[in-house]
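Biologist: Before we use terms such as core, contact and sheet, I would like to hear what each one rests on. Please take me through the model below.

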Amino acid sequence: MLSYVIRRILAMIPTLLIISMLVFVIIQLPPGDYLESHIAELQSQGEAVDEKKIQFLREQYGLDKPMIEQYWLWLIGMLQGDFGYSFEYDLPVTEVVGDRLFLTVIISTATILFTWMIAFPIGIYSATHQYSWGDYGLSTLGFLGLATPNFLLALVMLYLANVYFGTSIGGLMDAQYIDAPWSVDKVLSILEHLWIPVIVIGTSGTAGMIRRLRANLLDELQKQYVTTGRAKGLPPGKLLRKYPLRIALNFFVADVGNLLPQVISGAEIVAVVMSLPTTGPLLLSALQSQDMYLAGSFLMFLALLTVFGVLVSDIALALLDPRIRLGGTVSK
Amino acid sequence: MQILRPGRLMRWLASLVWLLAVTPGGSLLAMQGLQETPSLQALVDAGDLPPVEERVPQDPQVVELSGDKVPGEHGGELRLLMGKQKDIRQMVIYGYARLVGYTPELEIEADLLKSYDVVDGRVFTLHLRKGHRWSDGHPFTSEDFRYYWEDIANNPDLSKGGPPRELLVDGQLPHVEFPDAHTVRYSWHAPNPYFLTALAGAVPLYIYKPAHYLRQFHPRYQSAEVIEELIAQEKRRNWMGVHVNRDRPYKATNPDLPTLQPWVNTTFPPSERFVFTRNPYYHRIDQNGRQLPYIDSVVIGIASSGLIPAKTGAGESDLQARYLRMDNYTFLKTTAKRNEFDVRLWQTAKGAHLALYPDLNTNDEVYRKLLRDVRFRRALSLAINRHEINQVVYFGLVQESNNTVLAESPLYQREDQYSWIDFDLQQANRLLDELGLTEVDDRGVRLLPDGRPLEIVVQTAGESTEQTDVLELIHDSWLRAGIKLYSIPSTREVFRNRIFSGDAVMSIWTGLENAIPTAENSPLELAPTSKYQYQWPKWGSYYESGGQSGEEPDLPAVLELLELIDAWSHTETHEQRVEIWRRMLKINREQMFTIGIVNHVPHPVVVSNFLRNVPQAGFYDIAPGAYFGIYKPDTFWFKEERR
C-alpha cells in the first residue's frame, strides 16, 4: 500500500509538468498578448492608446521575451511559491485570488451539501420504489432540474428574489458589507443571497446524483445476497443500509477527485451570470484578456487539486472496498 | 429637518444679498461667504483639516449654476455600477477636472488653471491658482510641471521615445520654462494646435504630476538602497516598474496618489466595491460659497456587465449609462416608477453608429483595385437601404447618414450627411456596369475581371447581433446590385489583426470618434494617420511610424488629405482651421472612404429621481464630452431624502 502511494505521488510530477506546459501553450495560442487585447478594449471605447507606453509596458511585463523563457520563469517562480503577476489587476496573482477563494469555498460547500441532502433520499427512494408514481414523479423533477439552463434559472430567481424579497440583484452580499469586517449582519446578508446560487447550481447536480445513486443501487438490489438477506428476515431498512447502499456509494467516493477542484473553481457560468465574487468569473476574464499568469497559475492550481483528489479517492476506495483492495493484489 | 429649513433659507438669502452687493467681484465674495461642508465639519473642528477658507485656492473657480441647473446642498452617496475593476478609471473621466476643459458648448476654458495666454498659437503660458492644493493638502505648483517635464517626459528610462507626440511640433521639443511657482510656459518654434485639446481630453495628457509624492520612487531623489528594496519587495524588474505603478492618475488604482479630481479613490484593489470620497481641496465652488462637489462620496459596485441593466432596473444605481443599451430601454421604463428613477435618452456623438470600411490596403489585388475606385465605393453606398435598416433595427429612431460630423457641430454641412446615401439601385447598377463588372453567374452575382464572383467578406468583431442583423439587411439589397456579402464574426483581436495584415477586404465598425468637433479639434481622423483606421490601416501605420512600417499612400485624394493635416497643424487662425476642416470633410464625402450607415443613436441614461442637475438631454460619448464630464458631475446633488 505504501509503495503504491509513493509511486502514485511520484507519477504526479511528470503529469503536472505536462499540464503546466499545455496550460501555458494553450493560453498563448490565441493571437496577440495581454497588451494587445488591452489596446483592443481601450480602442473599442474610444480611448486613445500611446504606442510608446505600450512598448514600455511590454518590457516591464516581460512580454518581449521569448515564450520559452517566459514559461521557464513562471515555472521556477511557482516552485518557489511565486505565482506571477496579474497584468489586469496590477497585483501579484495570490493577492487577486486570495479574497475570492474563501467565498468560493463557502458557496461550493453549501451547494455540495444541498445536493447531497436532496439527492440522497430521493435516489434511495426511487431505487427501492422503482417504477412507482413516486419514482416517476421525482425523476421527472430531477430531469427538469437537469434540463433547465442554469443561467436562465439564475436570472429568473434573481428577478423574483428582488421583486418579492427585495434582495439586491447579483453578488453575494449587500453592497455595504463588501470589504467590511465580519459581523452578524454581514453573515445574514450572505445567507440572504447564498440560497439562490446554491439552488441554481444544485439543481443540475442533484439530478445527476439521483440518477447515479438510483442506477448503482438498482444494480445491487438485484443481487442474490440481498435476496438472501431478505429471506433470512432482515428488516428492510437495516438490510438496505448495511449492504447494497454501502456498495452503491463507491461512485460517491470516486467522485472526490472531481469534488476538490469543483469546490475551488465554483460554477463559472452561473457565477458570471449572477456576478458572484467567486473565482469562476475571475478565471474567465483572465482567459479572455490573456492575463496569462493569473489564468495559468489558477489552472495549475486546479490541476494540482484534481490530481491530488484522484489520488485521495483511489486510496479511499482501496481502504473502503475490500474487493478493490484484494483485486489489486491478485492482479499483481 | 423642518426647523432647519428657514435657517438655511436665511443663509441663502444672506449670500444672495452679498452677491448683489459685491458682484462682479465674484471671487472676493466667495472668499467671504465660504460655507463649510457639513461632512467635513467634524474633521475641521478636531483640527485634522484646515477650514474651507484655507482649503480652496485664493481664487477658486466659481461655477455659476443657472437656468436648469440650481445650486444645491452638500451630502449623499452616489451609487454607480461598473463591469470590471479597471472601469474605475471612469471616475477620472466623469470628474473631468482638467487644466483646461470643454464647456457643454464645446469651448475650451481654464479649469484647474486660473487662466492661460496663447501667443501666435505657439507660446502657451499657463497660470496656476494661488493656494491650489493636491488632495493630500500639498500645494500644487509649477514644481509639479517641472517634475513631469524633466524627470518623467525627458527621463530616458521612463519615456524611451521622449515626450508624447502632442508635445512635439515637426518632431521638435518645446522650450519649457517655470518662471515662478504659479507660471508655466511651453513654447514651440511653430504653432501647436494639438496642445490645448490634448490637455482637455477625456483621457488627458498629464503634463503635471504630484512631485512631492512621486519623488520618493525616483532614483534622482531617492537613495539607491530604498529603491532596490522597493523593487525586491514588489517583484519588479527595475525602478521604472515601481514608479509607473504608482503614477497612474488615469487608472485611479492607487489611493495614495494625490489627485486634483473632485472625488478621490480610497479603496485598494482588488475589490468589488470602490469608494471615492470628496477631495477636500477641490478648486471649484458654487455661487453660494459651497465647495464642490456637492455629493460626499461615490460608491462603485462591480458587477458582471450583463447583469448591470437588471441591477439598474432594480434601482441599484443612481446614475447609469455605461453597459446600458438601447434594447434595455423598455425594461428600464417598466421598472422606473417602482424604483424611483428616470430613463433619459441622450445622444451618442459618433460619426456613424456603424460604418463599412472598404480596405484600400487589402492584399487581394483585384479587390484592392476595385475598392480604390470611387465609383465602386459609391455604388456600395447607394445599394444600402438605410431607411429599412433604421426602421427594422432601430425602430426608426436614428438618422440615416454618412460617416461625418453631426448637425450639432459648427462644421456641419447638410451635404456631408446626405450625399450618396439614397437607396438607388438603378444608379448603383449603372456605376457597377461602368466599372466593367457586367458578367454575372447563375446566382446573379457579378463576376470580377479574373472570373471570381464578386463576394465581399465583411469582418465583424462579433460582439453583438446588431452588427450581423444590419449586415443581413445590407446583404439583401446588395444582392440586387449583384454583390454577395458574407460576414465573419471573430474576436476583437483577431478582427484587428486581419485588418492590419491586409487579409480583410471590408470591415464594419463605429464611425468617427468625435463627430461634434470644433475647428480647434484636430482633423486627424479624416486622413490616414493611424493604423486603427480600418479603411487604410497600412497608410495609417506609415504615417504613425514616420515611414518605418506600412505602405506609402499613393491615392491623390488621400495625399491631399495628408497635406491638409499638415497645413492644419501650422494654422494660426480659427478661419484657416474651419477652411481646412470643410475641405477635408468634402473630400471624405465625395470619396466615400468609409460608408456610414446610421448615426444619432440614442443612449439610455438612468438618473435617480433624487438626483438634481443632471441634464434632460445631452451627449453620451467619451470625446469630446467625457461622458458626464462636461456636465460637471461635481454640481449634481441629492434631494433631502438621500443626503
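**Terms and what they rest on**

Modeller: This is a predicted model. Setting aside neighbours within four places in sequence, B:A379 is in contact with B:A428, B:L431, B:L432 and B:A481.

Biologist: What makes these residues contacts of B:A379?

Modeller: The cut-off is 7 Å between C-beta atoms placed from the backbone. B:A428, B:L431, B:L432 and B:A481 are listed as in contact with B:A379, so each of these pairs lies within 7 Å by that criterion.

Biologist: Which residues have the most contacts inside the largest nonpolar core?

Modeller: They are B:V298, B:A379 and B:A383, in a core of 179 residues. Helix 6 (residues 142-153) of chain B gives the largest share of this core, five residues. Another core, of 22 residues, lies apart from it and includes A:W74, A:L91, A:V93 and A:L282.

Biologist: How do you know that A:W74 is buried?

Modeller: A:W74 belongs to the core of 22 residues. A core takes in buried residues, and buried requires 20 or more other C-beta atoms within 10 Å, so A:W74 meets that count.

Biologist: Why are strand 5 (113-119) and strand 7 (175-180) of chain B called edge strands?

Modeller: Each of them pairs on one side only. The sheet is open, with four strands in the order 5-6-8-7 (chain B) and antiparallel pairing. Its twist averages 15 degrees from one strand to the next.

Biologist: How do you know that strand 5 of chain B pairs with strand 6 (residues 123-128) of chain B?

Modeller: Six bridges join these two antiparallel strands. Pairing needs at least two bridges, so strand 5 and strand 6 of chain B qualify. B:L113 stands opposite B:L128 in strand 6 of chain B.

Biologist: What packs on this sheet?

Modeller: Helix 6 of chain B does, touching strand 6, strand 7 and strand 8 (183-187) of chain B. The direction of helix 6 makes about 155 degrees with that of strand 7 of chain B.

Biologist: How many residues does each chain bring to the contact between chain A and chain B?

Modeller: Chain B brings 39 residues and chain A brings 42 residues. On the chain B side, helix 19 of chain B supplies the largest share, five residues. By class, that side has 15 nonpolar, 11 polar and 13 charged residues.

Biologist: Which helix of chain A has the lowest mean pLDDT?

Modeller: Helix 17 (residues 322-331) of chain A, at 60. Local features need at least 70, so that mean falls under the cut-off. Chain A averages a pLDDT of 84, with 97% of the residues scoring at least 70.

Methods. Residues are numbered from 1 along each chain as its sequence is written. Chains are lettered from A and ligands numbered from 1 in the order in which they are written. This is a predicted model: local features need pLDDT of at least 70, side-chain atom pairs count only at pLDDT 80 or more; totals for chains, interfaces and linings use all residues. Two residues are in contact if their C-beta atoms, placed from the backbone, lie within 7 Å. Ala, Val, Leu, Ile, Met, Phe, Trp, Tyr, Cys and Pro count as nonpolar, Asp, Glu, Lys and Arg as charged, and the others, Gly among them, as polar. A nonpolar core is a set of buried Ala, Val, Leu, Ile, Met, Phe, Trp, Tyr and Cys residues joined through C-beta atoms within 7 Å. A residue is buried if 20 or more other C-beta atoms lie within 10 Å of its own, exposed if 12 or fewer, and partly exposed in between; C-beta atoms are placed from the backbone. pLDDT is the predictor's confidence in each residue, from 0 to 100. Axes are lines fitted to C-alpha atoms, for helices over the stretch in contact, and angles run from 0 to 180 degrees between N-to-C directions.
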